[in-house]
Each structure stands twice: as structure tokens, then as C-alpha cells.
Amino acid sequence: MKLDREQDAAVLIVLGQSNAHGHGTRLQPKQRIIEPLRHVHGLARAENQAYDLADVAWSGFTSYGMNLGETQDHTCCLANYFAIKWQQHIDAGNSLQLPDLYIIQISIGGQGIAAYEGYGNMWHMKRQPVLKPGNLFDVDISLYPLTVQILDKAMCNLQRSGKTPRVIGLHWNQWETEVDTGGSAILDARENYTSLFTGLRETIGSPFVIYLYQPLSDVFDDMRGLDVIERVFADFAASDQFNIMDLRQSQLYNGELDDKGIFQKDGIHYHCRAQQWFSDHFFTQLFGNTSL
């Protein structure tokens, strides 16, 4: 990908459920982004976690307070690792002539896209707007209406600043709740994902790649649902508008192990090294094997 340092604003969007924000992980103290980064920006919860904002308010990116979904900070996740990598590249001379990066992250653990009742349907597109901030199991947010409002205002804000927003990737890290719920969530998965992704694309209004995450966890009672999701994602990935982040391509993966070399003890949440791989692999996909 070629970006214009003067004209473009690079935008990374990270959406989904628990693995999108690295549930249960903690960055090492020396990795935590306490001092706001100079060339990477985010949307702080305190100023942006709301419906009907007049405008978004960007601030220097930190590894705390930047997820507009649940409250869980300083975690090992794509957004945090990628922010560090982007800033380090610029600090090291910026051989790629990268512009500033703007990160939008919205995720809550255990949330699906189907229309079933209960705690786990906060990504359902037609869910009535609710916004109750908090930690997992306390938080209650209708994620789709919040996301489309935030995305629309973020793109307009960058355009008013004289920049051209260039979405370098929308990472959709979610599928587990569809499999775990089963029933109509699986039967309607293809239609629901198609509607969701179409809505996100229409909101942003410019071409970009949606990155899906290869289902690799096998801790679910009904594995037929996993097969369905794998087929749906594979069909999406046949288009150049989608890509799949697949840890089987990494040296971490070992299918003979219970944790496959990539999961925490629960067999479903990625450990820090896996999240670091996502960041490094994504950077390489965008720019090739470029050293800092």
C-alpha cells in the first residue's frame, strides 16, 4: 500500500468481541503506552463513547481508555501492538513516508450479530440503541448503531482537517458467539454478515479490505457451526475485498497441542505472542518485509 504522507490520514478500524481487544492479556509494563503517541491517534472513551456526538475528538493514542466498547485496558491486541509499530517506524526515520495513523476500536466480549435475546447480541444491527459503559458483564452497548455513527463522524472529521481518510484495514475479529449460540445464529450467519459488512462499507464510503480471522478454536459443543463459519469466511475471502488472518501461517501454531500454541488455557482467547503476530503480519501485508 502506498500512502501520501502529506495528504492522507491512515485509518485502522478494529471491531468484534473479546479477541479483538485481547481479553485476559496484559502488556508488559515497558510495552504499555502511557505517554500519548505523537503520530498515532485514537478515540478516548471519556470523550467519544456516546451516541449523537457533534464530532469525534482525536487524542494521542494510549493503551488505555481507547476501546469504545468494554473497559479493559493495557491488553495485548492488534490495535496496541500496531500503534507501537507505526510510531517506531516513524521515529526510526520513516522510510515508508507513513502519514499519521488514526485507530478506531470498538469491541465487547461475547457479542454476536444474530437477533437472539440475551447478553450476547450487542452487534445485532437492529438492536435498539443502549449505552451503558463498563467492564465485561456490566457493559451494555448496542454496538452497530454506535459504530456507524462513530465511523461517519470520524471520516468527516478527517476530511474537514484537509486529509483524505485511507482505511488501511477493517479488522473484524468475531465469530465465536455465532458458533457457541448455534441455531438461527448459524443458519442466518451468511446473510447477517453480508448485511453487516455492507452497512460498514456504505458508512465509510470508500474501498477497503475487511480482515476476518480464521476460526481455529475447537472448544465448542457443536462443531457443525464452526464448519459453517469457516465456509462463510472462505467464500468472503474469495473476493479481493476481504482477507483472512490465519495463525496457521505462523511459527507459533502447532495443531498437536491442546492450546495449538496460540491460545490461553481456555482454548479460545489468543495469548500475547499470537496478537503480536497479527500486528506484524498485517504490517507486512501492507508494506512488505520492511525493517524499522
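## A tour from helix α8 to the largest pocket

Select residues 272–287. This is helix α8, 16 residues that span 23 Å from first C-alpha to last, close to the 22 Å expected at 1.5 Å a residue. Keep in mind that the model is predicted.

Stay on α8 and show side chains. Its buried residues include four phenylalanines you can pick out at once: Phe 278, Phe 282, Phe 283 and Phe 287. Add Trp 277 and Leu 286, also buried. The buried set has polar members too, among them Gln 275, Ser 279 and His 281.

What do the buried residues of α8 pack against? Select β1 (8–16), α2 (78–91), β7 (164–173), β8 (210–213) and β9 (242–245) to see the partners. Then step off the end of the helix. Gly 288 follows α8, with a positive phi near 85 degrees.

**Next stop: Gly 65.** Find it in the loop between β3 (58–60) and α2. Is Gly 65 buried or exposed? Its relative accessibility is 15%, so Gly 65 counts as buried, the cut-off being under 20%. Beyond residues up to four places away in sequence, Gly 65 touches Leu 43, Ala 44, Arg 45 and Asp 73. Now put a distance label between the C-alpha atoms of Gly 65 and Glu 47. They are 9.9 Å apart, with these positions 18 residues apart along the chain.

**Next: the nonpolar cores.** Select Ile 104, Trp 172, Tyr 193 and Phe 197. In the largest nonpolar core, of 52 residues, these four touch the most other members. Colour the contributors: β1, β4 (101–107), α3 (143–160), β7, α6 (189–204), β8, α7 (223–237) and β9 each supply at least two residues of this core. Which element gives the largest share? That is α3, with nine residues.

Centre on Tyr 193. Leaving aside neighbours within four places in sequence, its contacts include Trp 172, Trp 175 and Ile 113. Ile 229, Val 232, Phe 233 and Phe 236 are also in contact with Tyr 193. Gln 174 and Glu 178 complete the list.

A separate core of 37 residues lies apart from the largest one. Trp 86, Ile 262, Phe 283 and Leu 286 are among its members. Two of those names, Phe 283 and Leu 286, take you back to the buried residues of α8.

**Last stop: the largest pocket.** Select Gln 17, Gly 109, Gly 110, Thr 177 and Asp 180. Of the 15 lining residues, these lie nearest the centre of the largest pocket. The volume of this pocket is about 250 Å³. How many lining residues fall in each class? Eight are polar, five nonpolar and two charged.

Definitions and conventions
Residues numbered from 1 in each chain as written. Predicted model: local features only at pLDDT ≥ 70, side-chain atom pairs only at ≥ 80, totals over all residues. Heavy atoms only, no water. Expected span 1.5 Å × (residues − 1). Buried < 20%, exposed > 50% of the residue type's maximum accessible area, 1.4 Å probe, protein only. Contact = heavy atoms within 4.5 Å. Core = buried A, V, L, I, M, F, W, Y, C linked by side-chain atoms within 4.5 Å. 1 Å grid on protein atoms, 1.4 Å probe; cavity = no way out; pocket = protein on both sides within 12 Å on 5 of 7 lines; lining within 4 Å. Points joined across faces, edges and corners; volume = space filled by probe spheres on them. Nonpolar A, V, L, I, M, F, W, Y, C, P; charged D, E, K, R; others polar.
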